[in-house]
Amino acid sequence: MAAETKASETKIWRATVLTLFPEMFPGPLGVSLAGKALASGLWALEARDIRDSATDRHRSVDDTPAGGGPGMVLRADVLAAAIDAADMSSDRPRLLMSPRGRPLTQSLVAELAAGPGPMIVCGRFEGIDQRVIEARGLEEVSIGDYVLSGGEIAAMALIDACVRLLPGVMGKLASGADESFSDGLLEYPQYTRPQEFEGQSIPDILLSGDHGRVAAWRQAEAEALTRARRPDLWAARQVQPATGQKRPKNTTDG
């Protein structure tokens, strides 16, 4: 049965979430693009309860931090058992949502979306015993420089970002190519009807029908926005590798 499960994982992109609150899923992932794609079988989601791997009658999953301090720490033995019980194939990434982790960038999202799909551990309390992070090869990933109550919302953000890049999820493939971070730049301003809104008009160039001028305007606007709002992205974009090849897309993000 385990072999059949592992073989089936390769058929579609799959997200396996380990959490103390499985009832939080699919949550927002069950609506809009992600929800429609989930219902149609373009990807799969499994939320597993870490507490199911507890061994005492109280289903305890945490204990006081070694060395003292406030809060509680998720136990290594319980989480390790939960990870092992998921019985995943070895090619699937094992992630831990953590503010001290690698920043979640669009390039990392594209990398994860191109694979079989990750297992994501959602922490709670003061943190997770470091030994299970090392023993089970968890890669820590951060969605920003702030602290949440748990990893579930962060996991949803990661999954949503990946799912929208899967084949068949977005209506037009080009819609994913012109977005913020797709070429290390923020996205240019967008406009639609009505042509006049509270005294402001759509820029004339966008109504000109000249696709070359429109493309140039959008590029210039994207560059100006990036310089003004994300100098870190702009600085990274200016760095050219010694080989003279084009710099990898979106090498930094906050």
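The exercises below, each with a worked solution, concern the architecture, the nonpolar cores and one helix contact of a predicted model.

Residues are numbered from 1 along each chain as its sequence is written, and side-chain values use heavy atoms, with hydrogens and water left out. Because the model is predicted, local features need pLDDT of at least 70 and side-chain atom pairs count only at pLDDT 80 or more, whereas totals for chains, interfaces and linings use all residues.

**Exercise 1.** State how many helices and strands the protein has, and what share of its residues is buried.

Solution. Begin with the secondary structure, taken as DSSP runs numbered from the N terminus (helices: H or I, at least four residues; strands: E, at least two); the protein comes to eight helices and 10 strands. Next, apply the burial classes, in which buried means under 20% relative accessible area, exposed over 50% and partly exposed in between, with a 1.4 Å probe and protein chains only. Of the 254 residues, 39% are buried.

**Exercise 2.** Describe the largest nonpolar core and the surroundings of Trp43.

Solution. A nonpolar core is a set of buried Ala, Val, Leu, Ile, Met, Phe, Trp, Tyr and Cys residues joined through side-chain atoms within 4.5 Å. The largest one has 28 residues, among which Trp13, Trp43, Leu158, Ile159 and Val163 touch the most other members. At least two residues each come from β1 (13-19), α2 (32-39), β5 (94-103), α4 (106-113), β6 (119-122) and α6 (152-163), and α6 gives the largest share, eight residues. Turning to Trp43, and counting contacts as heavy atoms within 4.5 Å, one finds that its partners, leaving aside residues up to four places away in sequence, include Trp13, Leu38, Ile159 and Val163. A second, separate core of 21 residues includes Val78, Leu79, Ala82 and Val132.

**Exercise 3.** Locate Thr226 and characterise the contact between α7 and α8.

Solution. Thr226 lies in α7 (residues 211-229) and is buried, with a relative accessible area of 0%. Beyond four places in sequence, Thr226 touches Gly184, Leu185, Leu186, Pro231, Leu233 and Trp234. The axes of α7 and α8 (residues 231-238) come within 5 Å and cross at roughly 115°; these axes are lines fitted to C-alpha atoms over the stretch in contact, with angles running from 0 to 180 degrees between N-to-C directions. On the α7 side the contact is made by Gln219, Glu223, Thr226, Arg227, Ala228 and Arg229, and on the α8 side by Pro231, Leu233, Trp234 and Arg237.
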